[in-house]
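Visitor: I'm new to this one. Can you walk me through it?
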Amino acid sequence: MRTEVQWVDWDGKGLEHCVCETDADGIKLEGVVIGTREGQYGGSYLVVTDASYATREVRVSYVGGAHMHVTCDGKGNWFDCLAKRDLPFLKGCFDVDIGITPATNMLPIRRLQLPVGEACDISAAYVPLPSQIEGDFLPSCAAQRYNCLIPGRRYRYEGLFRNFSAELEIDEAGLVIDYPDTFLRV
């Protein structure tokens, strides 16, 4: 199944185009972003999962700036393809959370398959906004929680690593429709 969506920043200044392809082998997310959160930037991303929706490959590139290419073996072991090194600080992360897009919220929602009222704490490989990059451009391990409010329709996301919470409405593909105060589907 192929789904194409667009989001704008909550204030309507940024724009994103995302293509989501889902089949028996997993999910492929590919998008371009012109963003305005914490400064202005342009970027692109590619995320590939396996059939159980565990993240296997992530590429992020900021126009005129940093580039990242990391992989995961599906068992929580990450590798930096550019510097050719293991990333032990991401051990146990099965999901990626790319700060410039709401697209990656679908990954833990699909992978966890939570029943109504159930919550699950996870560790995600968080990819920072350009303004948040310090040193090497790599993900960091971020504590998060997902709570199923209405299966297949509404979830509470909590970014425990930054004391943030939002109720996310999703579509039939699992992609975010509205992400209060951050992204809005157009």
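Guide: Start with a term: strands are DSSP runs of E, at least two residues, numbered from the N terminus. By that count, D97 lies in strand 9, residues 95-98. Keep in mind that this is a predicted model.

Visitor: How many helices and strands are in the protein chain?
Guide: The protein chain has one helix and 15 strands. Its radius of gyration is 15 Å, close to the 16 Å the globule rule gives for 186 residues, so the chain is as compact as a globular protein of that length.

Visitor: What box do the C-alpha atoms fill?
Guide: Roughly 40 × 40 × 35 Å, along the principal axes. Of the 186 residues, 49% are buried. Among contacts with a separation of 6 or more, 43% come from residues 24 or more positions apart.

Visitor: Back to D97. Which side chain of opposite charge is nearest?
Guide: That is R162, 5.3 Å away. D97 is buried yet has no salt bridge. A salt bridge needs the nitrogen and the carboxyl oxygen within 4 Å.

Visitor: And what is D97 in contact with, beyond its neighbours within four places in sequence?
Guide: T104, A124, A125, Y126, V127, Q144 and Y157.

Visitor: New topic. Which residues touch the most other members of the largest nonpolar core?
Guide: L29, Y45, V60, W78, I98 and L175. That core has 49 residues. In soluble globular proteins, nonpolar side chains tend to be buried together.

Visitor: Take W78. What is it in contact with, sequence neighbours aside?
Guide: Leaving out residues within four places, the contacts of W78 include V58, V70, C72, L87, L90 and A125. Polar or charged names turn up too, among them T55, D86 and D95.

Visitor: How many disulfides does a search of the whole structure find?
Guide: Zero. C81, for one, has its nearest cysteine sulfur in C72, 11 Å away. C81 is buried, at 13% relative accessibility.

Visitor: Why is C148 in no bond with C120?
Guide: Because the two sulfurs are 12 Å apart, too far for a bond. C120 holds the closest cysteine sulfur to C148. C148 is buried, with a relative accessible area of 0%.

Visitor: Last one: E30. Is that buried, exposed or partly exposed?
Guide: E30 counts as partly exposed because its relative accessibility is 41%, between the 20% and 50% cut-offs. E30 sits in strand 3, residues 26-35.

Visitor: Which residues is E30 in contact with, past four places in sequence?
Guide: H17, C18, V19, Y45 and L46. Y45 is also one of the core residues that touch the most other members. S131 is 101 residues along the chain from E30, and their C-alpha atoms are separated by 22 Å.

Technical notes
Residues numbered from 1 in each chain as written. Predicted model: local features only at pLDDT ≥ 70, side-chain atom pairs only at ≥ 80, totals over all residues. Heavy atoms only, no water. Core = buried A, V, L, I, M, F, W, Y, C linked by side-chain atoms within 4.5 Å. Buried < 20%, exposed > 50% of the residue type's maximum accessible area, 1.4 Å probe, protein only. Contact = heavy atoms within 4.5 Å. Disulfide = S-S within 2.5 Å. Helix = DSSP H or I, 4+ residues; strand = E, 2+ residues; numbered from the N terminus. Lys, Arg positive; Asp, Glu negative; His and termini not counted. Rg over C-alpha atoms; globule rule 2.2 N^0.38 Å.
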